[in-house]
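Trainee: I would like to learn how to read the features of a protein model, one at a time. Could we go through them together with the structure in view?

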Amino acid sequence: AVVSTQSGHYDREQHYFIKSNLRLAMNMFLLLGLLVTGILVTDCEELLVGGESEDSLDDPMALNALNNFLIQLVDHALKNECFDKDTERIVIGEIEDIEMQVVAGEKFTVTLMAGVTNKCEGVKNHEIMSNAEGDNEYNKYFVNAEDCGIEADELEEHTFSIVYQPWTAEGYNYAKIKDSNNSIHPMKKLWDGDSDCTQHRI
């Protein structure tokens with residue numbers, strides 16, 4: 001049984017290693033084609049060339065993309081004075097959907113349940129942040145809804161998207177956030193710095 005478990009572990013690691021290298025090769029081929037034909041543009045919306053495929057947080061690249069987006073979200077919120085880093089936390093609930101699309105890079109789109117609260121200070125960091133590659137200083141800002149005792153119906157659906165472009169200095173670009181229709185606790189206000197961005201809390 002031990003051998004079988006280890007074999008499964010290595011098979012999974014090998015799967016994502018091969019997948020990552022194939023992705024990199026596809027990205028380089030796409031970029032070369034765009035450069036050769038002279039149609040490379042800066043607007044991500046004009047570069048959507050591949051069909052979307054389902055992904056999951058078992059994929060380290062999807063996990064790191066979500067981690068990077070969440071770090072950017074906190075950066076925007078702090079810059080806009082929309083988030084109290086000492087008392088507030090971003091609560092993450094169910095991850096509903098993850099999709100990957102080959103563009104000029106890889107576009108990851110994640111739909112999840114989330115919100116902002118001041119009720120979870122001192123709760124342990126969410127494993128999404130702890131398990132991903134990123135700046136560990138941001139880990140403390142994200143917590144699991146269950147660990148906070150926050151019910152699923154208190155959270156709202158939000159969709160994050162970000163494009164991984166390993167040849168750029170930033171690495172991750174074109175980050176966007178979309179709230180659910182008629183959102184009571186819109187997180188996009190944190191990103192945009194709206195005047196009432198500090199009022200929408202769980």
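**Reading the model step by step**

Mentor: Let us begin with a group of rings, since F69, F160 and W191 form one aromatic cluster. Before going on, note that this is a predicted model, in which local features need pLDDT of at least 70 and side-chain atom pairs count only at pLDDT 80 or more, while totals for chains, interfaces and linings use all residues. Residues are numbered from 1 along each chain as its sequence is written, and side-chain values use heavy atoms, with hydrogens and water left out.

Trainee: How many aromatic pairs does a search of the whole structure find, and how is such a pair described?

Mentor: A pair of aromatic rings is described by the distance of the centres and the angle of the planes. Rings of Phe, Tyr and Trp (its six-membered ring) pair if their centres lie within 6.5 Å, and planes under 30 degrees apart count as stacked, over 60 as edge-to-face and the rest as tilted. The search of the whole structure finds five aromatic pairs. One of them is the stacked pair of F69 and F160, with 4.3 Å from centre to centre and 20 degrees between the planes. Because F69 lies in helix 2 and F160 in strand 5, this pair ties together parts that are 91 residues apart in sequence. Helices (H or I, at least four residues) and strands (E, at least two) are DSSP runs, numbered from the N terminus.

Trainee: Are F69 and F160 buried or exposed?

Mentor: Both F69 and F160 are buried, where buried means under 20% relative accessible area, exposed means over 50%, and partly exposed lies in between (1.4 Å probe, protein chains only). Another pair, F83 and Y141, is edge-to-face, with 5.8 Å from centre to centre and 85 degrees between the planes. F83 sits in the loop between helix 2 and strand 2, and Y141 in the loop between helix 3 and strand 4 (142-144), so that the pair links distant parts of the chain, 58 residues apart. F83 is buried, and so is Y141.

Trainee: Which residues touch the most other members in the largest nonpolar core?

Mentor: In soluble globular proteins, nonpolar side chains tend to be buried together. A nonpolar core is a set of buried Ala, Val, Leu, Ile, Met, Phe, Trp, Tyr and Cys residues joined through side-chain atoms within 4.5 Å. The largest one here has 38 residues, of which F69, L70, I90 and F142 touch the most other members. Among the elements that give two or more residues to this core are helix 2, strand 2, strand 3 and strand 5, and helix 2 gives the most, with 11 residues. Leaving out residues up to four places away in sequence, L70 touches I92, I128, M129, F142 and F160, where contact means heavy atoms within 4.5 Å.

Trainee: What span should helix 2 have?

Mentor: The expected span of a helix is 1.5 Å times one less than its number of residues. The 20 residues of helix 2 (residues 60-79) should therefore span 28 Å, and this agrees with its end C-alpha atoms, which are 28 Å apart. Helix 2 is mostly covered, as 15 of its 20 residues are buried. At its start, a side-chain oxygen of D59 reaches to within 3.0 Å of the backbone nitrogen of M61, and helix 2 is followed by E81, whose phi is positive, near 55 degrees.

Trainee: Which way do strand 2 and strand 3 run, and how many bridges join them?

Mentor: Two strands pair if DSSP finds at least two bridges between them. Strand 2 (residues 89-103) and strand 3 run antiparallel and are joined by 12 bridges, and they form a hairpin with one residue between them. The bridge partner of V91 in strand 3 is G115. Strand 3 is also joined to strand 5 (residues 156-164) by nine bridges, again antiparallel, and L112 stands opposite H158 in strand 5. Strand 3 (residues 105-117) is largely enclosed by the rest of the structure, because 13 of its 13 residues are buried.

Trainee: Where is N182 found, and is N182 buried or exposed?

Mentor: N182 is found in the loop between strand 6 and helix 5, and N182 counts as exposed because its relative accessible area is 76%. Its phi is near 60 degrees, a positive value in a residue other than glycine. Y174, which is found in strand 6 (residues 172-179), also has a positive phi, of about 55 degrees, although Y174 is not a glycine. With 30% relative accessibility, Y174 counts as partly exposed.

Technical notes
Polar contact = N/O pair within 3.5 Å; in protein donor to acceptor, adjacent residues only side chain to side chain.
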